[in-house]
Amino acid sequence: MNYRLPKSERLHADKLIKELFNEGSSFFLYPFKVQFFVKKDQGSGTSQVLFSVSKKKIKKAVGRNFVKRRMREAYRLNKALIPPTAPAMSIGLIYVSSDLMEFSEIQTKIILALKKLATIVSENQKQHA
RNA sequence: CGUGCAAGUCGUCUUGUCGCUGUCUCAUGGUAAUAGUGAGGAGGAGGAAAGUCCGGGCAACAUAGAGCGCCAUACUUCCUAACGGGAAGGGGGCUGACUGGUGACGGUCAGUUUACAGCUAGUGCAACAGAGAAUAUACCGCCCUGAGCUUGUCGAAGGGUAAGGGUGAAAAGGUGGGGUAAGAGCCCACCGCUCUGGCAGUGAUGUCAGGGGCACGGCAAACCUUAUGGGUUGAAAGAUCAAAUAGGUUCCGCGUCGGAUUCAGUUCCGAGAAAAGUUGCUCGCUUUUAUGCGGAAUGGGUAGAUCGAUGGACCCCGAUUGUGAAGUCGGGGCUAGAUAAAUGACAAGAAACUGAUUCUGGAAACAGAUGAGGAAACAGAACCCGGCUUAUAGACUUGCACUUUUU
RNA sequence: GCACUCGUAGUUCAACUGGAUAGAAUAUCAGAUUUCGGCUCUGAGGGUUGAGGGUUCGAAUCCUUCCGAGUGCA
């Protein structure tokens, strides 16, 4: 199983991020807001993900780093929940709680979020097909 | 032993699994070099990385020189690349102890604190209270002269007076004495202030002598004056490379056909094509289309990438100079470099903190042992340094002070 | 990262060049009016002027250090 998360699987290009937030769709699953955008004419390639924590919610830089690292770990260990047949897309995981959470808690929530994302994407595929 | 204060140092560690990041080596890849992929090696947050309060490096732009303006600083000497930082010293304030004096007040020692140039340049400010608030002031009071008649502990009017009362944050030097009608630096001594000179000190300043006489009250974190310093903007500075698309410039080819002409599709004549209008339709007539299309080269430049950007006023150790901040010399070391932003997650254990319970001693307080469980500070580099400020569980070292117990 | 602005009753704003007890509207509470409520009238409470330190006789105001909120710069 591939548990790696190199730079090519992280979203870092300014254009793609603007595209994600301007044209993507989203849903809430506490404590996350999941923003995603299916790339057109790409087939089933590698997805790219970004993690975001608001400065308004968590004031201290240490706390923000702490949450982002735990989110990244949780995604890294559970990214297989998105089936490889799914189309390539940009994913944004935004932390909207103002409390610091334990890793186990974040992990369960991430799993739920990814499962929901996978079902939404597969339904979209069926509708288009 | 404990507690407190001051100064300084440190501010978790080990193992395993799965990752992130730059770098080195090897392999793969490829004409070659990058990029990518795989394996391995040795690295990967702080004392404040924070606040952004100062200073410097660095970069771009500006700049003959000078002045005005604006901003900052402000006892002295030194340290430093520089500073609003630091060191040492001086002066002032406060506290305590001792001490001199009738008194105002002074002296010595210790601790602590201090944004500490100039209101003896100018301008300005001081509510309320108070008679009077900065060219002082006469309310009560005190004293003198004393019209008058009610002859009194009376007193119109005039004058003297800042010692006393009262107001205030502040009442125009203070204390003691002389003096006077009562008073007053009016006079004297002392205390304080200030000026001049001598001496000591690099200097702030100290000290001694003489003079002035009581002014020259307070506020400059009021305007301001003086001295010194500062060009402006900040890495989102700036430098290099540079896709796609659109557009710029240059060149080439085509330009409905024929003829003539021109530097030139430049102009003319004839014929023709397409579209629109006129009409119910065709012919005819009129108008429009042709300053466009394609290709190549080229400069600017966006996305993006690279550099800036991590070897430096560097760190450690030793010697030496200096009261000290710090300097000099010698030896050793290389110690994060990310960019939608790495330095992590999980598990186990070990030190340090807190300490339920149980056991022993004891009348008790408590002491010694046991050690379940809990908690694990403040906080995350963003171009780099030197400071300052603020946050911080706990541990250790040194010095000082104090309490209690035991010997 | 850099540059800058602002914090006053529960809320919206005042308070001159430092001058005393920080003022107004609204909201709250109480009373009057009404059969009851609203409107209206009268009155009261409510502020460590964001926090600490300093300058001054005196600080919301001046200086300084923190805290919080906000704005601009590609």
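**The surface near RNA strand B and the fold of chain A**

By class, the surface near RNA strand B comprises 10 nonpolar, three polar and 10 charged residues. The model in which this surface is described is a predicted one. In it, 23 residues surround RNA strand B, and the closest of them are Y3, R4, D14, R69 and F103. Two or more residues of this surface are supplied by each of helix 1 (14–23), strand 3 and helix 2, and helix 2 gives the most, with seven residues.

Chain A, which lines this surface, contains three helices and four strands, and its elements follow one another from the N terminus in the order α-β-β-β-α-β-α. The C-alpha trace of the chain spans about 45 × 30 × 25 Å along its principal axes. Because a compact globule of 129 residues would be expected to have a radius of gyration near 14 Å, the value of 14 Å found for chain A agrees with that expectation. Buried residues account for 19% of the 129 residues, and, of the contacts in chain A with a separation of 6 or more, 83% are between residues 24 or more positions apart.

The strands are joined through both antiparallel and parallel pairings, as follows. Strand 1 (residues 25–29) and strand 2 run antiparallel and are joined by five bridges, with S25 standing opposite F36 in strand 2. A hairpin connects strand 1 to strand 2 through two residues. P31 lies in the loop between these two strands, and the peptide bond that leads from Y30 to P31 is cis, with omega near 5°. Strand 2 is also paired with strand 4, in the antiparallel sense and over seven bridges; within this pairing, F37 has S90 of strand 4 as its bridge partner. Strand 3, by contrast, pairs with strand 4 in the parallel sense, over six bridges, and here V53 has Y95 of strand 4 as its bridge partner. Strand 4 thus takes part in pairings with strand 2 and with strand 3, and this strand is mostly covered, six of its seven residues being buried.

The largest nonpolar core has 20 residues, among which M71, Y75, L93, I110 and A113 touch the most other members. Two or more residues of this core come from each of strand 2 (32–38), strand 3 (48–53), helix 2 (61–78), strand 4 (89–95) and helix 3 (103–128), and helix 3 contributes the largest share, five residues. Helix 2 and strand 3 therefore appear both among the elements that supply the core and among those that supply the surface near RNA strand B.Two of the core residues, M71 and Y75, can be followed individually. When residues up to four places away in sequence are not counted, M71 touches F51, L93, Y95, I106 and I110. Y75, which lies in helix 2, touches V49, L93 and I110 on the same basis, and L93 and I110 are accordingly among the residues touched by M71 and by Y75. Y75 is classed as buried because 23 other C-beta atoms lie within 10 Å of its own, where 20 or more are required. The C-alpha atoms of Y75 and I106 are separated by 9.7 Å, although these residues stand 31 residues apart along the chain.

How values were computed: Residues numbered from 1 in each chain as written. Chains lettered and ligands numbered in written order. Predicted model: local features only at pLDDT ≥ 70, side-chain atom pairs only at ≥ 80, totals over all residues. Core = buried A, V, L, I, M, F, W, Y, C linked by C-beta atoms within 7 Å. Buried ≥ 20, exposed ≤ 12 C-beta atoms within 10 Å, placed from the backbone. Contact = placed C-beta atoms within 7 Å. Near = placed C-beta within 6 Å. Nonpolar A, V, L, I, M, F, W, Y, C, P; charged D, E, K, R; others polar. Pairing = 2+ DSSP bridges. Rg over C-alpha atoms; globule rule 2.2 N^0.38 Å.
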